[in-house]
Amino acid sequence: VRGCSGLAHCILDEAQDIEYEFIPIVEQTMSASINWGFSTYTGTPKTTDTTLSLLWQRSSQAEWVIRCDSCGYFNVPNPEHDQLKMIGKHGPICAKCGKPVIIHHGGYVHAYPDRIASFSGFHVSQLPHPLHSINDRKWNNILECVDSYNDVALYNEVFGWPYDSATSPLTLTDLINAEFDVTDNYGSILDITSPEQIQQIRNQ
């Protein structure tokens with residue numbers, strides 16, 4: 001791709017399977033674009049140390065937040081917040097009061113509004129998606145997946161969320177949850193927050 005420099009829009013699907021260090025090379029294919037130069041990354045995050053997950057950490061991290069008309073609670077449909085409690089027998093329900101929620105009464109809320117202009121990121125899950133949430137047959141498919149899928153498949157393919165399993169000897173989740181500091185060769189403390197620092201640790 002180094003021979004290209006005037007592309008207007010670069011779309012990378014299945015970004016989780018692309019090496020993170022290749023991203024800057026791909027992005028430079030738009031270096032000669034005057035008025036455009038947009039990048040779009042899509043895929044399934046798989047685990048927290050994939051390229052797509054690292055890109056998500058850099059983004060504005062928008063979630064489709066749904067306000068319950070019954071109790072006023074703001075439901076956040078991702079596994080780290082309310083998603084598992086929102087799965088009702090006939091459709092999405094409020095994680096607090098258990099009453100049905102209307103998906104169209106929600107909207108994207110960015111965890112980091114200051115990043116919207118430079119790097120907007122949107123989490124798309126089957127749960128708040130109209131195709132699945134208001135179609136009885138599709139919703140029953142979600143219920144079947146909850147009952148029959150293992151955690152990895154459920155989180156990845158239905159929730160669109162990374163899941164660190166025991167197959168990885170050391171995951172990003174392990175590093176974040178560690179009770180000790182990781183130091184470099186010079187003894188300074190590394191704050192494990194940015195993709196660059198994570199990549200540095202992986203390359204050691």
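1. A good place to begin is Tyr 108, which, with a relative accessibility of 33%, counts as partly exposed, because that class lies between the limit for buried residues, under 20%, and the limit for exposed ones, over 50%. Please keep in mind while reading that this is a predicted model.

2. Tyr 108 does not stand alone at the surface, for together with Phe 122 and Val 124 it makes a nonpolar surface patch of about 280 Å². As to its place in the fold, Tyr 108 is found in strand 5, which covers residues 106–110.

3. Strand 5 in turn belongs to an open sheet of three strands, whose order is 4-3-5 and whose pairing is antiparallel. The edges of this sheet are strand 4 (74–75) and strand 5, each of which pairs on one side only. For a student meeting sheets for the first time, it may help to recall that strands of a sheet pair through backbone hydrogen bonds, either parallel or antiparallel.

4. How many bridges join strand 3 to strand 5? There are five, and they connect strand 3, residues 62–67, with strand 5 in an antiparallel arrangement. To follow one pairing in the structure, look for Glu 63, whose bridge partner in strand 5 is Val 109.

5. Turning to the helices, helix 5 spans residues 151–158, and within it Leu 154, Tyr 155, Asn 156 and Val 158 are buried. Part of the cover over the buried residues of helix 5 is provided by helix 4, which runs over 136–148. As background, an α-helix has 3.6 residues a turn, so residues three or four places apart point the same way.

6. Both ends of helix 5 deserve a look. At its start, a side-chain oxygen of Asn 150 comes to within 3.2 Å of the backbone nitrogen of Val 152, while after the helix follows Gly 160, which has a positive phi, near 65°.

7. Seen as a whole, the protein chain has seven helices and seven strands, and along the sequence these follow the pattern β-α-β-α-β-β-β-α-α-α-α-β-β-α. Of the 204 residues in the protein chain, 39% are buried, and the accessible surface comes to about 12,300 Å², with 53% of it belonging to carbon and sulfur atoms.

8. One last point concerns contacts along the sequence: when contacts in the protein chain between residues at least 6 apart in sequence are taken together, 60% of them join residues that are at least 24 apart.

How values were computed:
Residues are numbered from 1 along each chain as its sequence is written. This is a predicted model: local features need pLDDT of at least 70, side-chain atom pairs count only at pLDDT 80 or more; totals for chains, interfaces and linings use all residues. Side-chain values use heavy atoms; hydrogens and water are left out. Buried means under 20% relative accessible area, exposed over 50%, partly exposed in between (1.4 Å probe, protein chains only). Helices (H or I, at least four residues) and strands (E, at least two) are DSSP runs, numbered from the N terminus. Contact means heavy atoms within 4.5 Å. A polar contact is a pair of N or O atoms within 3.5 Å; within protein, one must be able to donate a hydrogen and the other to accept it, and residues adjacent in sequence count only if both atoms are side-chain atoms. Patches are made of residues with over 30% relative accessible area and no salt bridge: like charges are joined within 9 Å, nonpolar side chains (Val, Leu, Ile, Met, Phe, Trp, Tyr) within 5 Å. Accessible areas come from the Shrake-Rupley method with a 1.4 Å probe; for residues, only the protein chains shown count as cover. A salt bridge is a side-chain nitrogen of Lys or Arg within 4 Å of a carboxyl oxygen of Asp or Glu. Two strands pair if DSSP finds at least two bridges between them.
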